[in-house]
Amino acid sequence: MWSYRTVLEQRIRERRQTLEEFAEYAEAFAREHGEAGTLGVRHLQRLVAGRGAHGKPLGPVRPATARLLERIFGDTIEALLSEPGPWPTATETASTAGRSEPRRTLAEPGAGTGLPRTAGTEPLTTKTEPSGDLLSAVDWLDQHSGRAAGTTKGKVRSRLSRLSVGDLLDRNARRSRVARTAVVDALAEYYGKGIANGHSVHRARADGHEFGTSLLTRPDWTGLGIPLTPEHDVLALAEQHSAPAAQQIDTRKAVHRLAEATALGVRMTNAPLYRLHDVDFTDDTVNGSLSLSPFAGYALTSDLLEGELLDAISRGKPTRPGELPLRDEYLPDLSGVFDLRARNCVGGVLALCAIARPADPYRGPADFALLVQERSGNVLNATGQLSVIPKGFHQPLKEARAETRIGSTLFRELEEELFGRPEVDGTSGTCVAAPMHQSRLSGPMRWLLDEPGRLRAECTGFGLNLVSGNYEFASLVVIEDEEFWTRFGGDIEANWEASGLRLYSTLDRELLNGLIADETWSNEGLFALLQGLRRLNGQDDPRLNIPEVTTTFTKSASGR
């Protein structure tokens with residue numbers, strides 16, 4: 001029997017790869033998933049041996065390399081470089097098969113593996129059954145599919161035993177390589193012509209170049225600049241509401257989704273989301289009514305549409321009606337997209353963030369920094385795509401009636417995604433009664449809110465996303481005072497939802513045009529970027545030299 005020096009060596013051998021083959025795989029994986037880590041054969045030889053050159057202690061692994069290996073194997077670098085434990089006996093295997101795993105923490109993206117493996121076979125998954133927050137979604141599926149309690153958990157466990165994390169990651173990599181315009185074209189093929197009632201598929205021109213998205217919108221939903229203040233941001237919880245029409249649940253695919261989430265460590269908490277009934281933007285206000293809907297009801301039904309579409313495109317399959325069973329069931333035509341009261345229409349809030357910076361001897365004159373994120377593999381949707389930041393589901397954290405406004409979600413997402421406040425993360429839960437109380441705000445947010453005018457937040461556009469039927473509130477966050485960057489520029493750091501954070505200067509028009517043309521944008525992210533730039537263009541500010549953006553309107557999903 002092979003004597004392994006480290007768990008890493010054991011895992012590579014179980015994949016039936018040589019060190020040279022795995023090094024090549026890791027380099028390709030890093031490119032496809034936006035990881036900065038590199039891994040040469042000599043470096044890998046030292047890592048699998050657990051020793052440095054000439055037998056010296058290995059020393060700390062570079063953070064980028066550690067993150068790369070952790071993402072490939074779903075284990076911490078400390079676990080991968082440790083000595084393998086003894087092979088489990090048949091009795092030990094049976095006794096641990098049903099044991100729940102410890103909850104994954106933010107600091108340990110693959111903690112708690114414990115799955116027995118057989119020599120010479122590829123490890124299937126790092127989890128043996130759903131646990132923690134996922135169990136609420138498991139219970140929801142039992143209740144809404146008419147099954148006895150515990151049925152779904154058993155089926156997820158069975159499905160997990162046949163899943164390979166490597167296969168799932170490879171599939172996600174294929175999905176992430178699907179160009180945004182290919183998604184737009186596929187949806188045009190599915191929905192075709194016939195958009196009515198003043199609606200249009202959103203298209204825009206930036207410095208003469210045209211770009212289409214999958215957002216259904218209308219003239220009075222775009223080019224907005226509505227202040228997200230209590231007087232203008234008046235979305236409200238409906239006193240009475242109709243339940244959406246019952247959706248047929250594809251239990252097989254829902255179980256598979258739960259198994260995937262378990263295997264990959266995707267955060268999925270069955271917290272309530274706001275479901276939109278109607279919306280209106282007259283009188284310079286955001287009006288509308290909402291109710292509450294469980295997250296599982298979305299994640300296990302209409303949210304599956306994106307994966308189905310991306311798989312069809314990546315495999316070169318047709319995307320006509322009749323070829324996409326889930327879309328045929330949940331979102332078969334445009335009239336259904338517009339009928340918000342008849343369906344479970346949930347959605348999100350996302351914002352282009354522009355932060356003023358003083359002149360710098362290396363960077364140049366004073367400007368604004370525009371923030372763009374690369375979505376990580378731990379999020380439920382838009383995985384591996386570009387988006388503005390912050391971006392989050394429109395949902396309450398503590399008080400459903402008090403948190404309906406767009407600004408409530410937006411400010412909370414700023415605290416979580418840029419200023420390091422994990423206790424306002426809707427996927428983690430918190431026992432704090434008032435997490436957005438002024439006494440608990442981060443230093444950057446407290447400074448911004450101490451004086452009026454330091455932070456400007458506006459709703460710039462609204463649309464219904466044909467990818468999954470979600471509503472999207474596009475927004476703009478502007479910090480005009482350059483003192484903020486001097487004080488807090490070093491405190492801005494993306495959270496676990498992003499695998500990378502990019503900055504673009506509002507004086508670099510050429511790079512911004514290249515950014516707009518990037519095919520890895522999510523459609524809602526590009527929509528928010530374009531609407532934000534369009535709004536910024538209305539300012540007479542020497543710190544701005546950005547592309548001119550105009551919106552065009554068509555009467556078909558194809559944009560023609």
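Q: What makes Phe 419 and Phe 484 an aromatic pair that is tilted?
A: Rings of Phe, Tyr and Trp (its six-membered ring) pair if their centres lie within 6.5 Å, with planes under 30 degrees apart called stacked, over 60 edge-to-face and the rest tilted. Here the centres are 6.2 Å apart and the planes meet at 55 degrees, so this pair falls in the tilted class. Phe 419 and Phe 484 are both buried, meaning under 20% relative accessible area (exposed is over 50%, partly exposed in between; 1.4 Å probe, protein chains only).

This is a predicted model, where local features need pLDDT of at least 70, side-chain atom pairs count only at pLDDT 80 or more, and totals for chains, interfaces and linings use all residues. Residues are numbered from 1 along each chain as its sequence is written, and side-chain values use heavy atoms, leaving out hydrogens and water.

Q: Why is the pair of Tyr 298 and Phe 393 called edge-to-face?
A: Its ring centres are 5.7 Å apart and its planes stand at 75 degrees, so the pair is edge-to-face.

Q: How do you know that Tyr 298 counts as buried?
A: Its relative accessibility is 0%, so Tyr 298 counts as buried. Phe 393 is buried as well, at 19%.

Q: What makes Arg 357 a charge over the ring of Trp 485?
A: The rule asks for NZ of Lys or CZ of Arg within 6 Å of the ring centre and within 35 degrees of the ring normal. The charged end of Arg 357 sits over the ring, 5.5 Å from its centre.
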